[in-house]
Amino acid sequence: MANINKRMKQNIERNKLDHADELTALVKNERKNKAASKFINALKIIVIAAIYAGLTIFVFKDFSYGVHQFRIVECLIGLTFFEPCTLAGVTIGCFIANIFGPATFFDAIIGTCITGLGIYSMKWWAERQGKPVIGMLLYAFMNAAVVALELSYMNIGASYQMATIFFWVLIGELVCAVGGGSLIYFIVGKFWEDIVSETETGEKQGFNPNDMPRL
């Protein structure tokens, strides 16, 4: 009887140790997954920021600044509905690109803030109203208004009235942010299920095309 009790105690202790080892392994695995997720998100932000800044500064520089600006890379805002890292990536890219513009650090601070706020407002509107294009229009008008104030204050495009500057900047925003962003939104939404990564369980992560907000 004593031997049986001893064995039972040993089994109980062994089970406790095994359970503790399992919990430790789970905690370590969770920490590794979180670290990997943070690294991947940081990498996404860097890539998006590099694309935005690189194309604006080196490829489309001639028509990315000033009164008649068509910042083509603003079409990237359409990715925000699928990849949350786009907000940070575009905002950082905008900051870098604006440093090289005619308004330099003034635009780098004010322009970057309104870009980040505009993207956040766009996504907020789309999530609550289910109208992504309306959200993009909100982004376009917010950016056009602030950029017009900036250019007017910095005496860039002095031959134009501020209302005229607002009009031209808004045209560029409507073409690039709303038009280009909508195009990106629908193209990516159509193929998103095929390009998202799979988890270890085989489940898809990210945006579900069936949940896409409609126009």
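These legends walk you through several close-up views of a predicted model.

**View 1. The largest cavity, enclosed inside the model.** Let us start with the empty space. The structure holds two cavities of 30 Å³ or more, and the largest contains about 180 Å³ of space. Its lining is made by 19 residues, and Gln69, Arg71, Asn98, Asp107 and Val147 are the closest to its centre. Three helices each give two or more residues to this lining: α2 (85–99), α3 (104–129) and α4 (132–153). Sorted by class, the lining of the largest cavity has eight nonpolar, six polar and five charged residues.

**View 2. The second largest cavity and its lining.** Here the space amounts to about 30 Å³. Gln69, Arg71 and Glu74 line this second largest cavity, together with Val169, Gly172, Glu173 and Cys176. Which classes do these residues belong to? Two are nonpolar, two are polar and three are charged. Look out for Gln69 and Arg71 in both views: they line the second largest cavity, and they are also among the residues closest to the centre of the largest one.

**View 3. Thr112 and its contacts.** Next comes a residue of helix α3, Thr112. Is Thr112 buried or exposed? Its relative accessible area is 10%, under the 20% limit, so Thr112 counts as buried. Setting aside neighbours within four places in sequence, Thr112 is in contact with Thr91, Cys94, Phe95, Asn98 and Asp107. Two of these partners may be familiar from the first view, as Asn98 and Asp107 are among the residues closest to the centre of the largest cavity.

**View 4. Helix α3 and the glycine that follows.** How far should the 26 residues of α3 span? At 1.5 Å a residue, the expected value is 38 Å, and the end C-alpha atoms of α3 lie 36 Å apart, which agrees. After the helix comes Gly130, with a positive phi near 70 degrees.

**View 5. A salt bridge between Glu83 and Lys44.** A search of the whole structure finds two salt bridges. In this one, the side chains of Glu83 and Lys44 meet at 3.0 Å, N to O. Glu83 sits in the loop between α1 (2–59) and α2, while Lys44 belongs to helix α1, so the pair ties together parts that are 39 residues apart in sequence. The two partners also differ in their surroundings: Glu83 is buried, at 17% relative accessible area, whereas Lys44 is partly exposed, at 31%.

**View 6. A salt bridge between Arg128 and Glu127.** In this pair, the side chains meet at 3.8 Å, N to O. Glu127 counts as exposed, with 55% relative accessibility.

**View 7. Helix α4 and Asn155.** We finish with α4, a helix of 22 residues. From its first C-alpha to its last, α4 reaches 32 Å, close to the 32 Å expected at 1.5 Å a residue. Asn155 follows α4 and lies in the loop between α4 and α5 (162–195). What is notable about the backbone of Asn155? Its phi is positive, about 60 degrees, although Asn155 is not a glycine. With a relative accessible area of 57%, over the 50% limit, Asn155 is classed as exposed.

Technical notes
Residues are numbered from 1 along each chain as its sequence is written. This is a predicted model: local features need pLDDT of at least 70, side-chain atom pairs count only at pLDDT 80 or more; totals for chains, interfaces and linings use all residues. Side-chain values use heavy atoms; hydrogens and water are left out. On a 1 Å grid over the protein atoms alone, a cavity is a set of points where a 1.4 Å probe fits but cannot get out, and a pocket is an open set with protein on both sides within 12 Å along at least five of seven lines; lining residues have an atom within 4 Å of a point. Grid points are joined across faces, edges and corners, and a volume is the space filled by probe spheres set on the points. Helices (H or I, at least four residues) and strands (E, at least two) are DSSP runs, numbered from the N terminus. Ala, Val, Leu, Ile, Met, Phe, Trp, Tyr, Cys and Pro count as nonpolar, Asp, Glu, Lys and Arg as charged, and the others, Gly among them, as polar. The expected span of a helix is 1.5 Å times one less than its number of residues. Buried means under 20% relative accessible area, exposed over 50%, partly exposed in between (1.4 Å probe, protein chains only). A salt bridge is a side-chain nitrogen of Lys or Arg within 4 Å of a carboxyl oxygen of Asp or Glu. Contact means heavy atoms within 4.5 Å.
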